[in-house]
Amino acid sequence: MESYGTNVEGEIKVSGERRMDNNSVYCCTLNLDYSETVAYNNPLFPAYLRYGVLSAYPDYAYVSHWHKDLEFIVVKKGTMTYNVNGQLIELTEGRGIMVNSRQLHFGFSPEHRECEFICILLLPELLSGNAWFYENYIEAVTENSLYPYIYLGGEKWNTLILEKLERIYASFTTRPEKETRYFELMDEFLSIMKLLYENLDVGAYGREKESDELISLRNMITYVEEHFAQRIILENIAASGACCKSRCSMLFKKYLRETPMTYVARLRLRKSLAALLNTDKSIAEIACEYGFCGASYYCETFQKHYGISPLKYRKAQT
């Protein structure tokens with residue numbers, strides 16, 4: 001593995017999921033609409049940079065989320081699948097992706113294979129010094145409905161973007177004391193946006209209203225988030241999205257690649273990790289608190305999804 005640091009100067013740990021091997025925690029705070037509140041490295045400067053590994057997340061999968069920030073992923077070792085609005089993109093070593101603003105997305109490995117990657121999130125408003133320029137040149141990319149994502153690699157212009165992302169990351173990890181790294185980031189970010197503007201069909205730029213499907217899906221996952229500790233049935237989830245049960249199932253399959261009830265189980269498991277790792281509560285207490293009908297079912301579901309029992313998982317972190 002190359003000498004990239006896991007933590008960058010100024011990183012704030014808000015909440016997250018723990019690695020099985022070294023207890024490092026990655027930041028993740030999700031709101032009820034499943035937007036992510038990004039824990040920027042410097043809270044006064046909206047940029048987030050880190051070196052990540054897929055094994056840091058239970059089941060080798062991040063939770064589906066969205067944010068206004070542009071998300072850049074550069075794969076350093078291994079492979080990863082990225083889900084953007086239900087479309088799957090395979091990322092291999094040396095390639096990457098830019099996920100555009102407000103797109104529902106997550107990375108994962110269906111085969112539970114390790115992947116090492118650089119993750120950079122940059123808020124477009126970093127380049128909003130002039131309203132006319134921002135609206136006509138930056139939002140022509142970030143609000144362009146034709147491009148929910150851009151695959152990086154294979155063409156000269158987007159290979160240049162990968163090189164710029166590497167330089168941005170290096171400037172914040174190898175020279176953290178250098179104050180001019182903020183200038184360097186802004187310079188590279190503006191250059192990346194210039195490459196995107198020059199090579200995308202911005203002439204057809206148009207802001208489309210968010211699709212009814214995504215609105216319905218977001219309402220349903222918000223309902224699950226708010227009621228995860230209670231009894232949830234498919235009819236309730238569908239009603240929250242103003243759709244029938246079959247359409248509910250179709251939307252979860254299309255965008256999240258799993259059934260609604262599997263999604264509920266995975267959400268409950270993910271939320272239960274905090275109690276499992278940070279409290280002395282019994283397995284039975286945790287199962288009841290996080291919506292499972294009993295300790296045995298909780299253990300069975302945990303084993304199925306994470307390949308380890310809750311007690312072994314707890315012991316591995318202490």
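**View 1. Tyr82 faces Ile89 across a hairpin.** In this predicted model, Tyr82 sits opposite Ile89 of strand 8. One step along, Asn83 has Leu88 in strand 8 as its bridge partner. Strand 7 (residues 80–84) and strand 8 run antiparallel to each other, paired over five bridges. The hairpin they form has two residues between the strands, and Asn85 takes a positive phi near 50 degrees there. Zoom out a little and you find an open sheet of three strands in the order 8-7-10, with antiparallel pairing. Strand 8 (87–91) and strand 10 (105–108) are its edge strands, each pairing on one side only. On average, neighbouring strands in this sheet are turned by 20 degrees against each other, direction ignored.

**View 2. Here is an open sheet of five strands.** Read across it and the order is 5-11-6-9-12, again with antiparallel pairing. What holds neighbours like these together? Strands of a sheet pair through backbone hydrogen bonds, either parallel or antiparallel. At the edges are strand 5 and strand 12, each with pairing on one side only. Neighbouring strands of the five-stranded sheet are turned by 15 degrees against each other on average, direction ignored. Strand 6 pairs with strand 11 in the antiparallel sense over eight bridges, and here Ile73 has Cys119 of strand 11 as its bridge partner.

**View 3. Is strand 5 buried or exposed?** Seven of the seven residues of strand 5 (residues 47–53) are buried, so the strand is largely enclosed by the rest of the structure. Check both faces: Ala47, Leu49, Tyr51 and Val53 are buried on one side, and Tyr48, Arg50 and Gly52 are buried on the other. Strand 5 pairs with strand 11 (residues 115–122) in the antiparallel sense, over seven bridges. Look for Gly52, which stands opposite Phe117 of strand 11.

**View 4. Two helices lie across the five-stranded sheet.** Helix 2 lies across strands 5, 6, 9, 11 and 12, running at about 90 degrees to strand 12. Helix 3 lies across strands 5, 6, 9, 11 and 12 too, running at about 95 degrees to strand 6. Does the length of helix 2 add up, and what should its residues span? At 1.5 Å a residue, the 18 residues of helix 2 (residues 156–173) should span 26 Å, and its end C-alpha atoms are 26 Å apart, so the two agree. Buried residues of helix 2 include Trp157, Ile161, Leu165, Ile168 and Phe172. Among the elements covering the buried residues of helix 2 are strand 5, strand 11 and helix 3 (181–199).

**View 5. Leu234 and its contacts.** You'll find Leu234 in helix 5 (residues 234–240). With a relative accessible area of 22%, Leu234 counts as partly exposed. Leaving out residues up to four places away in sequence, Leu234 touches Lys245, Cys248, Ser249, Pro260 and Met261. Val264 is 30 residues from Leu234 in sequence, and their C-alpha atoms are 10.0 Å apart in space.

**View 6. Helix 7 packs against helix 9.** Helix 7 (residues 260–278) meets helix 9 (residues 295–306) at an angle of about 100 degrees, with their axes 11 Å apart. That makes helix 7 roughly perpendicular to helix 9. Which residues of helix 7 and helix 9 meet? From helix 7 they include Ala265, Leu269, Leu273 and Leu276, and from helix 9 they include Tyr298, Phe302 and Tyr306. The residues of this contact divide into seven nonpolar, four polar and two charged.

Definitions and conventions: Residues numbered from 1 in each chain as written. Predicted model: local features only at pLDDT ≥ 70, side-chain atom pairs only at ≥ 80, totals over all residues. Heavy atoms only, no water. Buried < 20%, exposed > 50% of the residue type's maximum accessible area, 1.4 Å probe, protein only. Helix = DSSP H or I, 4+ residues; strand = E, 2+ residues; numbered from the N terminus. Pairing = 2+ DSSP bridges. Expected span 1.5 Å × (residues − 1). Contact = heavy atoms within 4.5 Å. Axes fitted to C-alpha atoms, helices over the stretch in contact; angles between N-to-C directions. Parallel < 35°, antiparallel > 145°, perpendicular 65-115°, else oblique. Nonpolar A, V, L, I, M, F, W, Y, C, P; charged D, E, K, R; others polar.
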